[in-house]
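Ready to poke around a fold with a few short exercises? Have a look at the picture, try each task yourself, then read the worked solution.

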Amino acid sequence: MRRVSNIAFIIIFLCINNLHAQVCTNPVTSNCSDAISGTSRFYMTTPGNVDFVFSDIKKYISGQTISGATQLRLRIDEINPGSCKWRLLMYIDNNNTLPPNQWEVLNTYGSAGNVPELNLIQVKVYNGCGTPVSSGTFQIFAGNNQYDILDIIPSLPNINPAGTCNSLNPTNGAGSYLTNYNEYSFTIDYRIIPGFTLRPGTYQIKIHFCLVEIP
């Protein structure tokens with residue numbers, strides 16, 4: 001019989017507007033009300049971290065999915081009417097762990113097995129309009145490196161105003177979840193399938209959500 005030792009994963013979620021990645025820096029000239037000094041913002045209506053604990057063979061083989069773990073509600077106010085355009089993305093952060101493709105190690109039990117890599121975490125983003133990139137499909141951070149990005153609403157050449165509710169033309173203009181709930185709300189599920197090659201222990205990553213204006 002295979003003996004299973006516990007392995008745990010901690011994911012910390014942070015909503016930010018101006019941090020490491022250059023793509024998360026708002027332009028100097030703003031058509032939207034900046035989320036730092038103005039009124040545009042997103043609300044995270046769910047807890048700030050999620051814990052995965054694997055303690056039996058079934059969980060190691062089948063994995064665990066935590067549905068609705070993150071829920072974002074956006075409010076985007078404009079300064080110049082008809083000119084406000086934004087992008088919503090997430091990126092992964094392992095607290096500068098080396099090598100940069102691994103989870104941060106909090107503790108381990110023994111030396112057998114591998115430290116998990118960042119592409120272990122799977123994310124699925126969706127809303128009532130199907131507007132996120134790869135809506136409803138689990139994705140990984142395929143670059144498998146710290147600060148890898150996954151778009152939720154990408155940088156688009158045109159402004160698609162509120163009320164379209166169309167996955168071919170995702171809304172990226174001024175509006176609010178209070179008036180167009182399905183277009184300005186996003187739900188994120190997370191899944192981990194560890195298998196038996198990982199070293200028992202406790203590991204941590206951060207996933208940052210970033211709302212920025214597109215000039």
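**Exercise 1: A residue in a loop**

Find the loop that holds N144, then work out whether N144 is buried or exposed.

Solution. Start with the location: N144 sits in the loop that runs between β8 (139–140) and β9 (149–153). Next, check the backbone: phi of N144 is positive, about 55°, even though N144 is not a glycine. Now the accessibility. The relative value for N144 is 14%, and the cut-off for buried is under 20%. So N144 counts as buried.

**Exercise 2: Another positive phi**

Say where C165 lies and how exposed it is.

Solution. Follow the chain to the loop between β9 and β10 (175–176), and there you'll find C165. C165 isn't a glycine either, yet its phi is positive at about 45°. Its relative accessible area is 37%, and partly exposed covers the range between 20% and 50%. So C165 goes down as partly exposed.

**Exercise 3: What surrounds E183?**

Describe the setting of E183: its loop, its burial and its contacts.

Solution. First, the place: E183 belongs to the loop between β10 and β11 (185–192). Second, the burial: with a relative accessibility of 3%, E183 counts as buried. Third, the contacts: setting aside neighbours within four places in sequence, E183 touches N127, C129, P161, A162, G163, T164, C165 and T171. C165, from the previous exercise, is one of these. Fourth, zoom in on the side chain of E183: it reaches the backbone nitrogen of G163 at 2.9 Å and the backbone nitrogen of T164 at 3.0 Å. Finally, compare sequence with space: E183 and L74 are 109 residues apart along the chain, while their C-alpha atoms are separated by 8.9 Å.

**Exercise 4: Spot the cis bond**

Which two residues are joined by a cis peptide bond, and where is P99 found?

Solution. Look at omega: the bond joining L98 and P99 has a value of about -5°, and this peptide bond is cis. As for P99, look in the loop between β5 (86–93) and β6 (104–108).

**Exercise 5: How far to trust it**

Which strand has the lowest mean pLDDT, and which the highest?

Solution. Remember that this is a predicted model. Begin with the whole chain: the average pLDDT is 88, and 90% of the residues score at least 70. Then go through the elements: strand β1 (residues 7–16) has the lowest mean, 73, and strand β7 (residues 122–126) the highest, 98. A rule to keep in mind: where pLDDT is low, don't read the predicted coordinates in detail.

Notes
Residues numbered from 1 in each chain as written. Predicted model: local features only at pLDDT ≥ 70, side-chain atom pairs only at ≥ 80, totals over all residues. Heavy atoms only, no water. Helix = DSSP H or I, 4+ residues; strand = E, 2+ residues; numbered from the N terminus. Buried < 20%, exposed > 50% of the residue type's maximum accessible area, 1.4 Å probe, protein only. pLDDT = per-residue confidence, 0-100. Contact = heavy atoms within 4.5 Å. Polar contact = N/O pair within 3.5 Å; in protein donor to acceptor, adjacent residues only side chain to side chain.
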